There are 2 protein chains.
Amino acid sequence: MPKRLTADAYIDGILNGDRVMLSRAITVIESRLRGDKKLASAILQGILPKTGNALRIGITGVPGVGKSTFIEAFGQYLTSLGKHIAVLAIDPSSRISGGSILGDKTRMENLAHDSRAYIRPSSTGLSLGGVARNTRNVMLLCEAAGYEVILVETVGVGQSETLVKGMTDFFLLLMLAGAGDELQGIKKGIMEMVDAIAINKADGVNELLANQAVSDYQSALHLMSHSTSGFTARVLSCSALERRGMDTIWETIEEYVKLTNSNGFFVKNRQSQNMDQLHSSIQQALQDRFYENNAVKSRLLSLEKMVSEGNELPVNAAEHLIDLYLNSQTSLDKS
Amino acid sequence: MPKRLTADAYIDGILNGDRVMLSRAITVIESRLRGDKKLASAILQGILPKTGNALRIGITGVPGVGKSTFIEAFGQYLTSLGKHIAVLAIDPSSRISGGSILGDKTRMENLAHDSRAYIRPSSTGLSLGGVARNTRNVMLLCEAAGYEVILVETVGVGQSETLVKGMTDFFLLLMLAGAGDELQGIKKGIMEMVDAIAINKADGVNELLANQAVSDYQSALHLMSHSTSGFTARVLSCSALERRGMDTIWETIEEYVKLTNSNGFFVKNRQSQNMDQLHSSIQQALQDRFYENNAVKSRLLSLEKMVSEGNELPVNAAEHLIDLYLNSQTSLDKS
C-alpha cells in the first residue's frame, strides 16, 4: 500500500490549487487498491461543494482529424484569455494497449508547459465504464482545484462519445473536408448529439473544400437535429495548425452557454446527467456485489452449466441465485 | 383470478399436443397476475426436458416488405412437407398500440386454418424485454407441444431484431429490390447478423431488379460478414405472392443446420444464448427487486434530489441505497 495522506490534506491541497496534490489525489481516485476506496470517497465528498463551476466541453473526432493539435491550439487560445483549463481523455484503446499515458503529454507539448493548463491522460486497465467513472471524478477534482474549462477528449468510434456526451455541457465534433462522413467512420448517432462541428485543416488548398463542407454539414445537421437545448447546432471551420478559428468556436460555445442558461437547459441537463449516473451506478454496484458474493460464486458455475445445456430455465436459475445472495446477507448479519 | 388448472394438467395437455391446453398455458405464461407466476414457472419446468428439438428461425424486414405474405407462403410450404410449425412474433409496436392481436391471424388467413400450424401474436403491454422473455417461453411450450419449426417474426427497426437473433438458430432478412438499404431503413448492424437475405416480390417487372439486388447484396454481405458459424451468408430471391423460391430458402436453412451441426456451432450457439439469457435475467431481477424494496423506495426520491442538484455523488448515493436494501433483507428475516 503506497503512502497516503489524510483526506483533509488532499482536500486542502486541491482547494488551494496545488497541482501536485491534485495529481496525487487523482492517483488515489484511480487506484484499484481496496484500501484506497474509502479515502477516494472522502476526498470526493469533501470537494463536492466546490465543483460544478467549470464549463465542460466534450471533443471527439476520428484518428487523423488532428485532435491533439486542435486541443493544443484551442487550449492555448483559452489560456491566452486568462482561463485555467484541464484536458482529460476517455480513451477506449487504453484498455487494451495499456494506454497512451506518455502519448497525451508529448502530443501537446506547448500546452503541457503552460502553467494555466493541466493535462491528465486517460486512466487505463479498466472497462470503458470504469474509465468514464474515473474521468468524471477527475473532472470534479479539477473543478475544485479552480480549472474553469474542462476539455474531455475521446475518439469518435464506438461507445465512448456517448459517455463523454453524458458528462459534458457542450459537445464538439472535429471533421475533415473532402471525406464523406461514411469514410470518416462517424456514425449517424454522433451527428445527432453534437452541438457544433468544426471542419479542421481548413488551410492551404483545403480552405475551399472546407467552406463547401461547412455548408454540406450544416444542411445535414439541420435535417437530423433533434435539439432539446434550444440551440441550433453550428458548423464552423478552423485550422488548428495555423491557429485560426479558435475565437469563433469559443464564441459559439459562449453563445450556447448564454442561451441554455437563460432557457434553463444548462442546469436541467446537468441534473439529468447526474440522475443517469445514479441509476447506472446502482445497476453496476448491484451486479458487482452479486457476482462477488461467495454464496453466488459457489453455485454459479454449476447453474451456468445446467442453463447452458438447457436443463434449467435461465429465469429460474436467476431467481434461485438471487435468493441465495439475499439469504447470505441475512446470515452474514447473524454471525 | 381466472380459473386455473394444476401445472400437471397443462403439462400433460401440452405434451399431448393439445392446442387448447397450449393456448391456455400460454395465457398463464403471459399473465401479469402475481398468483400466476408460480404456476407459470412450474409449467415451464415440467415441459423443459421436452424442449429444444425445433428449428428456430428468426424473420425480420421493414413494414411493406411483405412479411405476412412471406410467412404464410413459407409456412404453408413447410406444412406441405408434413412439418408442424408455430409462428410467434416480437412486435415492439404492441407495447404502445395495445398490439396486433387480431392483425396477425387475419393477415395469415390460410395458415391460420392449417391444422399443422399454430399462430400466436406478440404479447402486449410490456417492455420489449418482457415481450421477448414471453416469446422465448412460448417458444419452449410450442416445442414441447411437438412443433418442429418455430418462426419468430419481428419488424426490422430498433432493438427487437437483436432479441430475435438471440433466441433463434437462423436469421432471415426480407428485403425488396430497387430500394437502397438506406431507404429501407435497415441498419448495418442487422446486415451483420443475418444468415440469409431473401429479396421478396421478385415477380412481374420486379424480377430483373431482384436478380440485380441479389448480386449487389451478395457482395455487400461478403464485405461485412463476420460469421462465427462457418456458414457463408446467402442472398436469394423469392415471390411470396406467387409462392416461388420457398424451396430454395428451406434448402439453404437445411444446409446451414447440417453444416453447423457438424462443426458444433449449432449447439454452441444455443448454449451461449442460454448463458446470455441467464445473465440478463439476473440483471433484470436484481434491479426489479431493488426498486420494489420499501426501504429503497422511502429514500430514493430524496437521494435523487440531492444527486441531481449536485449535493451528493451518484456513486455514494448508489452505495448508500444498496446498503439500505441489503440491510432491509436482514431485518425482514429477523422479524
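Two strands pair when DSSP finds at least two bridges between them. Keep that in mind for what follows. And keep in mind that this is a predicted model.

Let's start with chain A. Its domain assignment gives three parts: domain 1 covers 1-50, domain 2 covers 52-263, and domain 3 covers 275-334. How far apart are the C-alpha centres of domain 1 and domain 3 of chain A? They lie 33 Å apart.

Now the sheet. Chain A has an open sheet of seven strands. Read across it, and the order is 3-2-4-1-5-6-7. The pairing is parallel. Which strands stand at the edges? Strand 3, residues 117-119, and strand 7, residues 234-237, of chain A. Each has a single partner strand, so one side of each is left without a neighbour in the sheet. The sheet also turns as you cross it: neighbouring strands are turned by 25° against each other on average, direction ignored.

Look at one edge of the chain A sheet. Strand 6, residues 196-200, runs parallel to strand 7, and four bridges join the two. Pick out I199(A): its bridge partner in strand 7 of chain A is S237(A).

Next, helices. Find helix 2 of chain A, residues 19-30. We will follow its packing against two other helices.

The first partner is helix 8 of chain A, residues 128-144. The angle between helix 2 and helix 8 is about 155°, and their axes are 10 Å apart. Angles over 145 degrees count as roughly antiparallel, so helix 2 of chain A is roughly antiparallel to helix 8 of chain A. Their crossing is right-handed. Who touches whom? Helix 2 of chain A brings L22(A), A25(A), I26(A), I29(A) and E30(A). Helix 8 of chain A answers with N134(A), N137(A), V138(A) and L141(A). By class, that contact has six nonpolar, two polar and one charged residues.

The second partner is helix 3 of chain A. Here helix 2 and helix 3 pack at about 125°, with axes 8 Å apart. That makes helix 2 of chain A oblique to helix 3 of chain A. The crossing of these two is left-handed. From helix 2 of chain A come A25(A), V28(A) and I29(A). From helix 3 of chain A come D36(A), L39(A), A40(A) and I43(A). The classes for helix 2 with helix 3 of chain A are six nonpolar, no polar and one charged. Notice A25(A) and I29(A): they appear in the contact with helix 8 and again in the contact with helix 3.

Now bring in the second chain. How many residues does the contact between the chains take? It takes 36 from chain A and 37 from chain B. On the chain A side, the elements giving two or more residues are helix 3 (36-47), helix 13 (265-292), helix 14 (294-308) and helix 15 (314-334). Helix 13 of chain A gives the most, with 13 residues. The chain A side divides into 17 nonpolar, 14 polar and five charged residues.

Last stop, the sheet of chain B. Seven strands form an open sheet there, in the order 3-2-4-1-5-6-7, with parallel pairing. Its edge strands are strand 3 (117-119) and strand 7 (234-237) of chain B, and each pairs on one side only. Neighbouring strands are turned by 25° on average, direction ignored.

Move to strand 1 of chain B, residues 55-61. Seven bridges join it to strand 4, residues 149-155, and the two run parallel. I57(B) stands opposite L151(B) in strand 4 of chain B. Packing on this sheet is helix 12 of chain B, residues 246-262. Helix 12 touches strand 1, strand 5 (170-176), strand 6 (196-200) and strand 7 of chain B. Its direction makes about 160° with that of strand 7 of chain B.

Conventions
Residues are numbered from 1 along each chain as its sequence is written. Chains are lettered from A and ligands numbered from 1 in the order in which they are written. This is a predicted model: local features need pLDDT of at least 70, side-chain atom pairs count only at pLDDT 80 or more; totals for chains, interfaces and linings use all residues. Axes are lines fitted to C-alpha atoms, for helices over the stretch in contact, and angles run from 0 to 180 degrees between N-to-C directions. Angles under 35 degrees count as roughly parallel, over 145 as roughly antiparallel, 65 to 115 as roughly perpendicular and the rest as oblique. A crossing is left-handed if the near helix is turned anticlockwise from the far one by less than a right angle, and right-handed if clockwise. Two residues are in contact if their C-beta atoms, placed from the backbone, lie within 7 Å. Ala, Val, Leu, Ile, Met, Phe, Trp, Tyr, Cys and Pro count as nonpolar, Asp, Glu, Lys and Arg as charged, and the others, Gly among them, as polar. Domain bounds come from an automatic or database domain assignment.
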